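Here are my notes on the model you sent round, set out as numbered points. Please read them with the coordinates open beside you.

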Amino acid sequence: MPEGFSVAGLAGAGPLAATVARVAELAGQLGLSREEVFGLQQLSAQSGVLPHVVKALLEGRPAGEPDLQARFLQRFDLLRRTRLKPNGRRYTQQEIADGAGMSRQQAGALIHGDRRPTMEHCAAIQRFFQVHAGFLTAEDSDALAGALQRTEQELLLRLAAQEREPAVALQGRSGAEDTADDPLQRLLQDHGVRGIAWRAAQLPTDEHRDKVAEWLDMLLESVRRPES
C-alpha cells in the first residue's frame, strides 16, 4: 500500500491545505507521483512529525498536539535515528554534548526527558544536526507546512530549469532574447506573483521575509545563469 495519500480526498482549509494543493499541482506538471512528494516517511523525516500524524494532517483530520516537552523528545529521538554519522551509526551522547556545547550530563537529561529544554538547548541541537530553526519546537501542522513549502521551492526550481531548456534553445536559434518567453516570468505568472507576495507578507519577522528574498534571488540566478 503506498505511503502517500489521495490529494483528491484532502479535507479542511488553511495554509497547510493550500500548500498541499500547490505542491500537488507542481508535482503533476513535473510528472512526479504522489509518493515522491507526499511519502509519509519522507515527510516525517523532513518535518519531525510522526508518520500517522502526517497522514491525518494531510487528510484534514485532527491529530491532537503533544505538549512542548513531548514534541521535543519525539523529534530529538527522530534526529538521533535519522541524522547519522558518515559511517551510518548514531551520534553518541558525548558527541551530541560536545557538538551542542553542553555537558554530557545535560545532553543525557534532555535525551531521557529528565530536563525541560530551553530555547538555547533547542537551537544548539538543531545546529548540531543541521536542521532548520524550529525543528524541535514547531507545532505539528506548522512543521509539516514548512517541510512542504521547502518541497515547493525545490519543485519550482526544477520546473524553472525544465522550462528554461527550450527557451535557451529558441534563443540560440533566434539570437535575441524575448522577455515574454522568459521562463521565470512565465513561472511567476503561472504561480501568481501576487500570491507569492501575499504569503511573504504574512511572515512574522523581517528575518523570515529576508529568507524569502534570498530564495527568490537563488531562483532568479538558477533560471538566468548563462550556460558555461
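**Notes on the predicted model**

1. Seven salt bridges are counted in this structure, which is a predicted model. As general background, side chains of opposite charge can pair when their charged atoms come close. Several of these pairs are taken up individually below, after a word on the overall fold.

2. The protein has 12 helices and zero strands, so that its pattern, read along the sequence, is α-α-α-α-α-α-α-α-α-α-α-α. Of its 228 residues, 37% count as buried, and the accessible surface comes to about 13000 Å², with 52% of that area belonging to carbon and sulfur atoms. Among contacts between residues at least 6 apart in sequence, 68% join residues that are at least 24 apart.

3. The pair formed by Asp-140 and Arg-75 is a salt bridge whose closest N and O atoms are 2.6 Å apart. This pair links distant parts of the chain, with Asp-140 in helix 9 (residues 140-174) and Arg-75 in helix 5 (residues 68-82), 65 residues apart. Are the two partners buried or exposed? Asp-140 counts as buried because its relative accessibility is 3%, under the 20% limit, and Arg-75 is likewise buried, with a relative accessible area of 0%.

4. A second pair to inspect is Lys-85 with Glu-95, for which the closest N and O atoms of the salt bridge are 3.3 Å apart. Lys-85 lies in the loop between helix 5 and helix 6 (93-100), while Glu-95 belongs to helix 6, so this salt bridge ties together parts that are 10 residues apart in sequence. Lys-85, at 18% relative accessibility, counts as buried, whereas Glu-95, with a relative accessible area of 29%, is partly exposed. The value for Lys-85 falls under the 20% cut-off for burial, and the label therefore follows from that limit.

5. Around helix 4, Glu-59 and Lys-55 form a salt bridge with their closest N and O atoms 2.7 Å apart. Both partners are partly exposed: Glu-59 has a relative accessibility of 21%, and Lys-55 has a relative accessible area of 28%. This pair does not stand alone, for Lys-55, Glu-59 and Arg-61 are linked in a network of salt bridges.

6. The same stretch of chain deserves a look for its burial and backbone. In helix 4 (residues 51-58), the residues Val-53, Val-54, Ala-56, Leu-57 and Leu-58 are buried. Just after helix 4, Gly-60 takes a positive phi of about 75 degrees.

7. Which residues form a negative surface patch? The patch is made by Glu-207, Asp-210, Glu-214 and Asp-217. Of these, Glu-207 lies in helix 12 (residues 206-224) and is exposed, with a relative accessible area of 54%. Membership of a patch requires that a residue has no salt bridge, so Glu-207 is not a partner in any of the pairs counted above.

8. A last point concerns Ala-161, which has its place in helix 9 and is partly exposed, with a relative accessible area of 39%. The C-alpha atoms of Ala-161 and Leu-219 are separated by 9.4 Å, although the two residues are 58 residues apart along the chain.

Notes:
Residues numbered from 1 in each chain as written. Predicted model: local features only at pLDDT ≥ 70, side-chain atom pairs only at ≥ 80, totals over all residues. Heavy atoms only, no water. Helix = DSSP H or I, 4+ residues; strand = E, 2+ residues; numbered from the N terminus. Buried < 20%, exposed > 50% of the residue type's maximum accessible area, 1.4 Å probe, protein only. Contact = heavy atoms within 4.5 Å. Areas by Shrake-Rupley, 256 points an atom, 1.4 Å probe, with all protein chains shown as cover. Salt bridge = Lys/Arg side-chain N within 4 Å of Asp/Glu carboxyl O. Patch = residues over 30% accessible without salt bridge, like charges linked within 9 Å, V, L, I, M, F, W, Y side chains within 5 Å. Lys, Arg positive; Asp, Glu negative; His and termini not counted. Charge placed at Lys NZ, Arg CZ, Asp CG, Glu CD.
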